[in-house]
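Here are my notes on the model you passed along. Have it open beside you as you read.

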Amino acid sequence: MIKKPIDLLLQESAEEGEHSLKRTLGPVNLILIGIGIIIGAGLFSLTGIAAGQHSGPAVTISFLIAAVGCAFAALCYAEFSAMIPVAGSAYTYSYATMGELFAWIIGWDLVLEYSVGAATVAISWSQYLTKFLSWFDLYLPPQLILSPFETSKAANGDIVRGIINLPAALIVIVVTSIIIRGTKGSALVNAIIVSLKVGVVLVFIAVGWSFINPQNYHPYIPQNTGVWGDYGWSGILRGAGLVFFVFIGFDAVSTAAQEAKNPQRNMPIGIIGSLVVCTILFVIFAHVMTGMANYKEFIGSGAPVAIAIEKTHYQWLSKAIVLAILIGYTSVILVDLLGQSRVFFSMSKDGLLPKVFSDVHPKFRTPWKSNIVLCAFIALFAAFVPIRVVGEMTSIGTLLAFVMVCAGVLILRKQQPNIHRPFKTPWVPVVPILGILVCFAMMTFLPGDTWLRLIIWLAIGLVIYFTYGKKNSVIRKRLAAKHG
């Protein structure tokens, strides 16, 4: 199995010049990048679904269980990102520990996650924008906010067919232009967005705290109905599986390792710090929401926060929440596009993809050509494909990456025990093994069509690898020259 030597990876991380990425990110930037993608609109929807249908007020326990599961993977990511501070995240780590083929599978898999995620979020962003503008009597033509496969009923009863989801495409283009101008600028925009988004969450907590009705916490763990996952402790576990996906995003921090200042110190801070901050916010948010309204009121609702706000005298907060969702989606799109292009950058540098994906802009020092290609693909997808086809942003790719990273820590500890590790995952092998078990368990609960999409995508990727990547692999060419 062809592997990429750790020494070569460390050499790449130390490269400077016009063909390398610019190191501009400090620990605060990295934490904010993590928070930027973790705190998305999922907080405002999944919390209510988990509480109403599975956990009741004990959704706070569900959040803690999910956070523990994420923490196992986060600790493993932290070890790798500090030891191998190179762009590419799980792709790069797998290349060093499991070989080129496994690395390709993970890299290609991450691209699917980021692409589908960005397109799905962009389409939903368009829907929320339409709702927000309607409050101010501003209405966009339905032909310009729906895909050609979607229809809408006009005020006069006529059925109108969409032409293009223009807002969805435009938000992808705008965010891409920010990313192209430089990671520092992207980080600044993300920091502003995160500050506003977290601010709204804190306002909701502060306002809602005084409207908590202690009776809504009884029973804190509702009695199980006799069906696994419907309340009781099985419901708490089912709720943990649901809200687990709200946490996913801290891994995107590791894709920016080659643009971090002092990555050996700052990467673990960014990964673990963002997870800790979000866990605290999520638990308090869930506690307040389930205290303001009875958990049964959230059943079947897509806007549980609005139900909670109705218990207060501050109806204006509904608009603020929708604005927060718009802001949250924007930052998720930004981090998705940033992470995706960095994975392609690493794969291209290794020769597994064409050079266009690793060409760096002479002024901005970003992989701008890759950004443009990916922008066109995702913008077209968001503009012309309905959200029901795109589906929810599934986490199977991320979970598979988590499994591989946890396994990689075990393998590298065995193969190269003496290599310098600025940050060490504690309690090895317990933590990595628990990370593998928890993440794989999460994968088994995902629906069959999610697995099917993953298999089809990986099959396409394998065709590309064996027809192009394997023949142009930089490592393979070096080995051939060495033994030739």
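The points below go from the overall picture to single residues.

1. **Overall picture.** Keep in mind that this is a predicted model. The protein has 19 helices and two strands. Of its 484 residues, 58% are buried. The exposed area comes to about 19600 Å², with carbon and sulfur atoms supplying 68% of that. Taking contacts between residues at least 6 apart in sequence, 79% join residues at least 24 apart.

2. **The cores.** The largest nonpolar core runs to 138 residues, and Phe-204, Phe-282 and Phe-285 are the ones with the most contacts inside it. Have a look at Phe-282: neighbours within four places in sequence aside, its contacts are Ile-38, Ile-39, Leu-43, Phe-63, Val-246 and Phe-247. Apart from the largest core there is another one, made of six residues, including Phe-72, Ala-82, Phe-423 and Val-431. As background, nonpolar side chains tend to be buried together in soluble globular proteins.

3. **Helix 5 against helix 16.** How do helix 5 and helix 16 pack, by angle and by distance between axes? Helix 5 covers residues 90–97 and helix 16 covers residues 396–415; the angle is about 35° and the axes are 9 Å apart. The crossing is left-handed. On the helix 5 side, the contact is made by Ala-90, Tyr-93, Ser-94 and Thr-97. Helix 16 contributes Ala-401, Met-404, Val-405, Gly-408, Ile-411, Leu-412 and Gln-415. Sorted by type, the residues of this contact are seven nonpolar and four polar, with no charged ones.

4. **Val-243 in helix 9.** Val-243 sits in helix 9. Its relative accessibility is 0%, so it counts as buried. What does Val-243 touch, leaving aside neighbours within four places in sequence? The list is Leu-46, Ala-50, Ser-62, Phe-63 and Ala-66. Phe-63 is worth a second look, as it is also in contact with Phe-282. The C-alpha atoms of Val-243 and Gly-48 are 10.0 Å apart, with the two positions 195 residues apart along the chain.

5. **Ala-191 in helix 8.** Another pairing across the sequence involves Ala-191, which belongs to helix 8. Its C-alpha atom is separated by 9.7 Å from that of Leu-30, and the two residues are 161 apart along the chain. Is Ala-191 buried or exposed? It is buried, because its relative accessible area of 16% falls under the 20% cut-off.

6. **The loop between helix 8 and helix 9.** Several residues deserve a check here. Asn-216 lies in this loop, which connects helix 8 (183–209) with helix 9 (232–247). Asn-216 is buried, at 9% relative accessible area. Beyond neighbours within four places in sequence, Asn-216 is in contact with Pro-57 and with Thr-290, Gly-291, Met-292, Ala-293 and Asn-294. Pro-219 is in the loop too, and the peptide bond joining His-218 to Pro-219 is cis, with omega about -5°. Tyr-231, also in the loop, has a positive phi of about 70° without being a glycine. Tyr-231 is buried, with a relative accessible area of 12%.

7. **The loop between helix 16 and helix 17.** This loop also has backbone features to inspect. Trp-427 is located here, and its phi is positive, near 55°, in a residue other than glycine. Is Trp-427 buried or exposed? It is exposed, because its relative accessible area of 67% is over the 50% cut-off. Pro-429 is found in the loop between helix 16 and helix 17 as well, and the peptide bond from Val-428 to Pro-429 is cis, with omega near 15°. For context, most residues other than glycine have a negative phi, and most peptide bonds are trans.

8. **Phe-440 in helix 17.** Last residue on my list: Phe-440 is in helix 17. With a relative accessible area of 47%, Phe-440 is partly exposed. Its C-alpha atom and that of Phe-402 are separated by 8.9 Å, the two residues being 38 apart along the chain.

Note on methods. Residues are numbered from 1 along each chain as its sequence is written. This is a predicted model: local features need pLDDT of at least 70, side-chain atom pairs count only at pLDDT 80 or more; totals for chains, interfaces and linings use all residues. Side-chain values use heavy atoms; hydrogens and water are left out. Axes are lines fitted to C-alpha atoms, for helices over the stretch in contact, and angles run from 0 to 180 degrees between N-to-C directions. Helices (H or I, at least four residues) and strands (E, at least two) are DSSP runs, numbered from the N terminus. A crossing is left-handed if the near helix is turned anticlockwise from the far one by less than a right angle, and right-handed if clockwise. Contact means heavy atoms within 4.5 Å. Ala, Val, Leu, Ile, Met, Phe, Trp, Tyr, Cys and Pro count as nonpolar, Asp, Glu, Lys and Arg as charged, and the others, Gly among them, as polar. A nonpolar core is a set of buried Ala, Val, Leu, Ile, Met, Phe, Trp, Tyr and Cys residues joined through side-chain atoms within 4.5 Å. Buried means under 20% relative accessible area, exposed over 50%, partly exposed in between (1.4 Å probe, protein chains only). Accessible areas come from the Shrake-Rupley method with a 1.4 Å probe; for residues, only the protein chains shown count as cover.
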